[in-house]
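Student: Hi! Could you walk me through this structure? I'm new to it.

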There are 2 protein chains.
Amino acid sequence: MERYVAGVDVGGTTIKMGLFTETERVALWEVKSPSRSEVEHLYEVIRDALYAKMDELAIPREALKAVGMGLPGPVSADGHIPWLVNLGLGASYPGKELETLMGIPCVAGNDANMAALGEAVYGAAKGAKSAVMVTLGTGVGGGIVVDGKIIAGFHGVGGELGHIVVNPDETAACNCGNRGCLEQYASATGIVRSARKLLREEKMPSVLTDDDSLTCKTVMEAAKAGDPVGLKALDIFGRYLGLMLSYVVLTIDPEKIIIGGGVSKAGDILVDAVNQYIDRYTHIAENRGEVILATLGNEAGTAGAAKIAWDACREAGEA
Amino acid sequence: MERYVAGVDVGGTTIKMGLFTETERVALWEVKSPSRSEVEHLYEVIRDALYAKMDELAIPREALKAVGMGLPGPVSADGHIPWLVNLGLGASYPGKELETLMGIPCVAGNDANMAALGEAVYGAAKGAKSAVMVTLGTGVGGGIVVDGKIIAGFHGVGGELGHIVVNPDETAACNCGNRGCLEQYASATGIVRSARKLLREEKMPSVLTDDDSLTCKTVMEAAKAGDPVGLKALDIFGRYLGLMLSYVVLTIDPEKIIIGGGVSKAGDILVDAVNQYIDRYTHIAENRGEVILATLGNEAGTAGAAKIAWDACREAGEA
């Protein structure tokens, strides 16, 4: 009988789900996340969605050997989560809860870590010994993969690259309450913030001047067209992301450095903006990891969750 | 027959050597490093010193199963080194060279990494899942250990914590040619530099004012006695080391953070100076690794080299 695992990516509004054999993905779909008032049913929602899809594909239930889950928050080495604000989920052991319900090995990890694992093992960095990924969206997430395993850290804050302080002199506050986090400069929100600040405080001439609804995309397009504010916002992005990545090079020294998330759609200009600063801040390194763009898009999280499911399977002696 | 490995710590002036069984160290001694003009004999010097000691202890040569070596420079994952300036050793594969000479598995790693491995596995962080060590001496070295293995990095610059840029605005140059490296503030030399700068530029009143031969030790003693310049130099040390360690917490998130090297003799005031800044810069982390002082001193490097020797042994199916 063919063996399957599921990779589940739990977000605040949707749950992305993938069903995999050892060689391919046989289904990718999504279901609505339970509302905060019904979050105690999260695990039933996941189980029911998996069984419904398996019935549809005529896959017997006993063929499902393990489930991996990505969750929007820190997950400690023993699988514990604190209160997860985006879901309304209380402090608990989500892997164990799903395992009790389904009777097969179930494991959980941080969602940015799962995306990094997916890209490292099946995507942009496939075949590499080690990779780091930064996910640039509304916020900035990160994940570190060495020999096909996530470095989640002893207390679950490994790979929290968005909250590394790159500018101790910053006066504005980050969402986390600190000041000067990478997220304030390299997220989509941060890039727009930089552009607005340049327009307001430095009165630089720009095609963006009369744009009341600035987005990361319009700022990046302006940069590509040679607009001074667009270029300067891109340079601020590159400087702080490059500084943070220089820390990654001089600690982990990964084979590949992956840029993913919505912002990465801007493409190669991001890679160029970052490379010059990484080089400047890693003077001692003769060689360092190549910066590349993510290739799996939204699917990275389910792919990474499937990877930890296969690992759990092997540990349980099932595959 | 009892099995042995050797742990060798190669420095510019001396080679420290240790001979170990699986449960204890049976000898610790040192020999003179070959001069630059005779560095091609390095491997014979090591072999001869090992055989001489084994003869002395009446240990048969076939009982020695592997040798681990720490070297003062980057060692890549496949065992390659570039030109090592402190030894005058050219680009090569030192492990393979010693292996050819001795006919048993021989492996090499960076010396700061070996010291970190020694402290993580046998010393201050014994029993911990993961540990990071910073070695504060004339320069600043580092090493990252996860599950008893060094993260040396794909290009050999993993754990180069002393050359992480903590102050991009610095105008003075580091030994590496860059500006603003941690080493400029947290090494023994860096601490003296900070104190001199405070005396010269800020004319702060201090017991150190008329001390022409300032050392790290006198600055630390002044800090312990409440002297303003001593306290401020200690604060600069704590701020930059704490900032760098905050990066380590948010990437690797180790269980323990070890401070070693000559500077660490100043003791608990260093731990206190660093802790407040790590907390400030890791706002998002509910918990993080405890900062502790190294316990093995000069022996850490040979202990770590013995650890990689045992690993090489096991890989070769010999233990």
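Tutor: Happy to; we can go through how the chains meet, then some salt bridges and single residues.

Student: What should I know before we start?

Tutor: This is a predicted model, where local features need pLDDT of at least 70, side-chain atom pairs count only at pLDDT 80 or more, and totals for chains, interfaces and linings use all residues. Residues are numbered from 1 along each chain as its sequence is written, chains are lettered from A and ligands numbered from 1 in the order in which they are written, and side-chain values use heavy atoms, with hydrogens and water left out.

Student: Cool. How many residues does each chain bring to the contact?

Tutor: Chain A gives 43 residues and chain B gives 43 residues. Contact here means heavy atoms within 4.5 Å.

Student: And how much area do chain A and chain B bury between them?

Tutor: About 3,300 Å², with 68% of it on carbon and sulfur atoms. Buried area is the accessible area (1.4 Å probe) that two parts lose on being put together, summed over both. On the chain A side, A:His155, A:Leu250 and A:Thr251 supply 18% of the area buried against chain B, more than any other three residues.

Student: How many salt bridges cross the interface?

Tutor: Zero between chain A and chain B by the rule, which asks for a side-chain nitrogen of Lys or Arg within 4 Å of a carboxyl oxygen of Asp or Glu. There are, however, 19 residue pairs in polar contact between the two chains, both residues at pLDDT 80 or more. A polar contact is a pair of N or O atoms within 3.5 Å; within protein, one must be able to donate a hydrogen and the other to accept it, and residues adjacent in sequence count only if both atoms are side-chain atoms.

Student: Which elements of chain A give two or more residues to that side?

Tutor: Helix 7 (228-251) and helix 8 (268-281) of chain A do. Helix 7 makes the largest share, six residues. Helices (H or I, at least four residues) and strands (E, at least two) are DSSP runs, numbered from the N terminus.

Student: How do the two copies relate?

Tutor: A turn of 180° and a shift of 0.0 Å along the axis lay chain A on chain B with an RMSD of 0.0 Å. That is the relation of a two-fold axis. The same surface serves both copies, since 100% of the contact residues of chain A recur in chain B. The superposition is by least squares on the C-alpha atoms of residues with pLDDT of at least 70 in both.

Student: Which residue of chain A comes closest to the rotation axis?

Tutor: A:Tyr247, with its C-alpha at 3.6 Å.

Student: Back to salt bridges. How many does the structure hold over all chains?

Tutor: The count is 24. One of them joins the side chains of A:Glu22 and A:Arg314 (3.8 Å, N to O). That pair links distant parts of the chain, 292 residues apart: A:Glu22 is in the loop between strand 2 (14-20) and strand 3 (25-32), and A:Arg314 is in helix 9 (residues 300-315) of chain A.

Student: Got another one?

Tutor: A:Arg288 pairs with A:Asp279, the closest N and O atoms being 2.8 Å apart. A:Arg288 is buried because its relative accessible area is 17%, whereas A:Asp279 is partly exposed at 43%. Buried means under 20% relative accessible area, exposed over 50%, and partly exposed in between (1.4 Å probe, protein chains only).

Student: Which residues are linked in a network of salt bridges?

Tutor: A:Lys149, A:Lys307 and A:Asp311.

Student: New topic: is A:Val229 buried or exposed?

Tutor: A:Val229 is buried, as its relative accessibility is 0%. This residue sits in helix 7 of chain A. Setting aside residues up to four places away in sequence, A:Val229 touches several others, including A:Ala195, A:Leu198 and A:Met204.

Student: Last one: where does B:Thr209 lie?

Tutor: In the loop between helix 5 (188-201) and helix 6 (216-224) of chain B. B:Thr209 is partly exposed, with a relative accessible area of 45%. Its side chain reaches the backbone oxygen of B:Ser206 at 2.8 Å. B:Thr209 and B:Val229 are 20 residues apart in sequence and 9.0 Å apart in space, C-alpha to C-alpha.
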